[in-house]
There are 2 protein chains.
Amino acid sequence: MLYTLKQFAEMFNATEHTIRYYTDINLLPCQRDKSNHRIFNEESVNWMQGIACLKGCGASIEVIKEYCNLCRLPESRETLYARYQIILRQREQAYKRIEEAKATAAYMDEKVQHYEQILSGLIPDDSNPGTWTEDTRPEKHE
Amino acid sequence: MLYTLKQFAEMFNATEHTIRYYTDINLLPCQRDKSNHRIFNEESVNWMQGIACLKGCGASIEVIKEYCNLCRLPESRETLYARYQIILRQREQAYKRIEEAKATAAYMDEKVQHYEQILSGLIPDDSNPGTWTEDTRPEKHE
DNA sequence: TATTGACTTCGAGTTACTCGAACTTGCTAT
DNA sequence: ATAGCAAGTTCGAGTAACTCGAAGTCAATA
């Protein structure tokens, strides 16, 4: 199964620009057809999944590249272990992200409740974190 | 309770540069002492909490600014409602983030398992998404 | 033959920091 | 008094990871 740039980008909810960028910096392997257009195969899909996931953990392009480079080195216990270490570290980041997102969502739930109470006229808007008093109110900007 | 730039930055695990940046673009209100140094109070803390949370939802500085501007407009049902809308939208993003992070973590768990199996010598490294075959292996790049 | 649509490269712009240089201030130690 | 130090200041340049747009190529269709 082969994919054009457009199809491939769509599969991953990415822009064609971004996919082009990834191929340009050699993150994502791709072949070219006779008119020099990028073509992607199942392998590209696998790769992109891995890249998207590392990205999802918050890994930088540099780190992802490092991982990719390790993958294309001749396989040995050392390179395998190095890859494993990166994956371990990034997994931790992923779990940290879940917790952060949960805390954020909880805070937002509170805010929503608060606004709903104010809007329904139940309480006045005085306890809202994020309201300035006169003397700390910054100047209008832009 | 008053805080120096350094203390304030520490409280939020941010760099002094970032806090300075936020005050410069008028996101975060701050007063100055007689030697022109920034000083932060409890109100700044509240504000920063709000900003950090919106950031945590993935909101752009522009959106956060918009929210801040609404907060400092004379209070009315409309501005209150507009604020509420922003909060609602961002809360959704926060929940989306939880789901994404969960999916990412699950994928990473699989990867970890996979690597542990390979490293313990149980299976060869052939089924790993993220491994190139000879002909799609990209050139070494920096 | 002309237009269409998807592609190409390349260079400039954007966001949200991030860093460093050069300078000022107030405090302590000699 | 003065020298040094840690903290602050402004300002301008640099960075990551895109993001956009211009100008051009190429194959298929009307």
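**Entry 1: the surface by strand D**

I looked up which element gives the most to the surface near DNA strand D, and H2(A) does, with 4 residues. "Near" here is for a residue with a heavy atom within 4 Å of the strand. Helices (H or I, at least four residues) and strands (E, at least two) are DSSP runs, numbered from the N terminus. This is a predicted model, where local features need pLDDT of at least 70, side-chain atom pairs count only at pLDDT 80 or more, and totals for chains, interfaces and linings use all residues. I also noted that residues are numbered from 1 along each chain as its sequence is written, that chains are lettered from A and ligands numbered from 1 in the order in which they are written, and that side-chain values use heavy atoms, leaving out hydrogens and water.

Next I checked who sits around DNA strand D: 17 residues surround it, and the closest are A:His17, A:Tyr22, A:Ile61, B:Lys6 and B:Arg38. Of the strand D atoms that come within 4 Å of the protein, sugar and phosphate account for 77%. I sorted the residues of this surface by class and got 4 nonpolar, 7 polar and 6 charged. For the classes, Ala, Val, Leu, Ile, Met, Phe, Trp, Tyr, Cys and Pro count as nonpolar, Asp, Glu, Lys and Arg as charged, and the others, Gly among them, as polar.

**Entry 2: phosphates of strand D**

I went through some atom pairs here. A backbone N or O atom of B:Arg38 is 2.6 Å from a phosphate oxygen of DNA strand D. From the side chains, a polar atom of B:Glu16 lies 3.1 Å from a phosphate oxygen of this strand, and an N or O atom of B:Arg20 is 3.4 Å from a phosphate oxygen. H2 of chain A, plus helix H1 (5–11) and H2 of chain B, are the elements giving two or more residues to this surface.

**Entry 3: over to strand C**

Which residues come nearest to DNA strand C? Of the 17 around it, I found A:Arg38, B:His17, B:Tyr22, B:Ser60 and B:Ile61. H2(B) gives the most to this surface, with 4 residues. Among the strand C atoms within 4 Å of the protein, 78% belong to sugar or phosphate and the rest to bases. The residues on this surface split into 4 nonpolar, 7 polar and 6 charged.

I then looked at its phosphate oxygens. One is 2.6 Å from a polar backbone atom of A:Arg38. A backbone N or O atom of B:Ile61 lies 3.0 Å from a phosphate oxygen, and a polar side-chain atom of B:Lys55 lies 3.3 Å from one.

**Entry 4: two helices in chain B**

B:Lys55 made me check its helix, too. B:Trp47, B:Ile51, B:Leu54 and B:Lys55 in H3(B) meet B:Ile64, B:Tyr67, B:Cys68 and B:Cys71 in H4(B), where contact means heavy atoms within 4.5 Å. By class, that contact has 7 nonpolar, no polar and 1 charged residues. H3 (residues 42–56) and H4 (residues 61–72) of chain B pack at about 145 degrees, with axes 10 Å apart. Axes are lines fitted to C-alpha atoms, for helices over the stretch in contact, and angles run from 0 to 180 degrees between N-to-C directions.

**Entry 5: chain A overall**

Last, I looked at chain A, which has 5 helices and 3 strands. Along the sequence I read the pattern β-α-α-β-β-α-α-α. Of its 142 residues, 44% are buried, meaning under 20% relative accessible area (1.4 Å probe, protein chains only).

Notes:
A polar contact is a pair of N or O atoms within 3.5 Å; within protein, one must be able to donate a hydrogen and the other to accept it, and residues adjacent in sequence count only if both atoms are side-chain atoms. Buried means under 20% relative accessible area, exposed over 50%, partly exposed in between (1.4 Å probe, protein chains only).
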